[in-house]
Amino acid sequence: MAYQLNVPFFIFDVHASEATMKERIALRMQMNQDPSDAGIDVLARQFIWNELLTADEMKYAISVDTESNMEMDDIRK
């Protein structure tokens with residue numbers, strides 16, 4: 001659709017280690033302020049269903065490692 005409309009687009013490939021994701025879910029559950037009811041079981045299913053980006057999709061991908069100290073200005077570059 002972006003091609004048809006002649007507008008730019010990007011795919012944000014956001015990732016973190018499985019251990020970090022589990023820690024973040026556990027922390028959110030402990031705080032009891034998370035609007036999501038998705039827990040470790042949902043994360044496990046997401047890992048099973050995960051599909052890597054294709055070579056064509058990678059041309060448009062911006063990789064964002066949420067474990068790094070990457071700032072929004074770094075992403076915009």
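Biologist: How many helices and strands does the protein chain have?
Modeller: The model is predicted; local features need pLDDT of at least 70, side-chain atom pairs count only at pLDDT 80 or more, and totals for chains, interfaces and linings use all residues. Residues are numbered from 1 along each chain as its sequence is written, and side-chain values use heavy atoms, leaving out hydrogens and water. Helices (H or I, at least four residues) and strands (E, at least two) are DSSP runs, numbered from the N terminus. The protein chain has five helices and two strands.

Biologist: Which pattern does the protein chain follow along the sequence?
Modeller: Helices are written α and strands β. Read along the sequence, the pattern is α-β-α-α-α-β-α.

Biologist: Which residues form the aromatic pair that is stacked?
Modeller: Rings of Phe, Tyr and Trp (its six-membered ring) pair if their centres lie within 6.5 Å; planes under 30 degrees apart count as stacked, over 60 as edge-to-face and the rest as tilted. The count comes to one aromatic pair. Its centres are 4.6 Å apart, with 25 degrees between the planes. The pair is Phe9 and Tyr60.

Biologist: How many residues apart in sequence are the parts that this pair ties together?
Modeller: Phe9 lies in the loop between α1 (2-5) and β1 (11-15). Tyr60 lies in the loop between α4 (55-58) and β2 (61-65). The pair therefore ties together parts that are apart in sequence by 51 residues.

Biologist: What is the relative accessible area of Phe9?
Modeller: Buried means under 20% relative accessible area, exposed over 50%, partly exposed in between (1.4 Å probe, protein chains only). Phe9 is partly exposed, at 37%.
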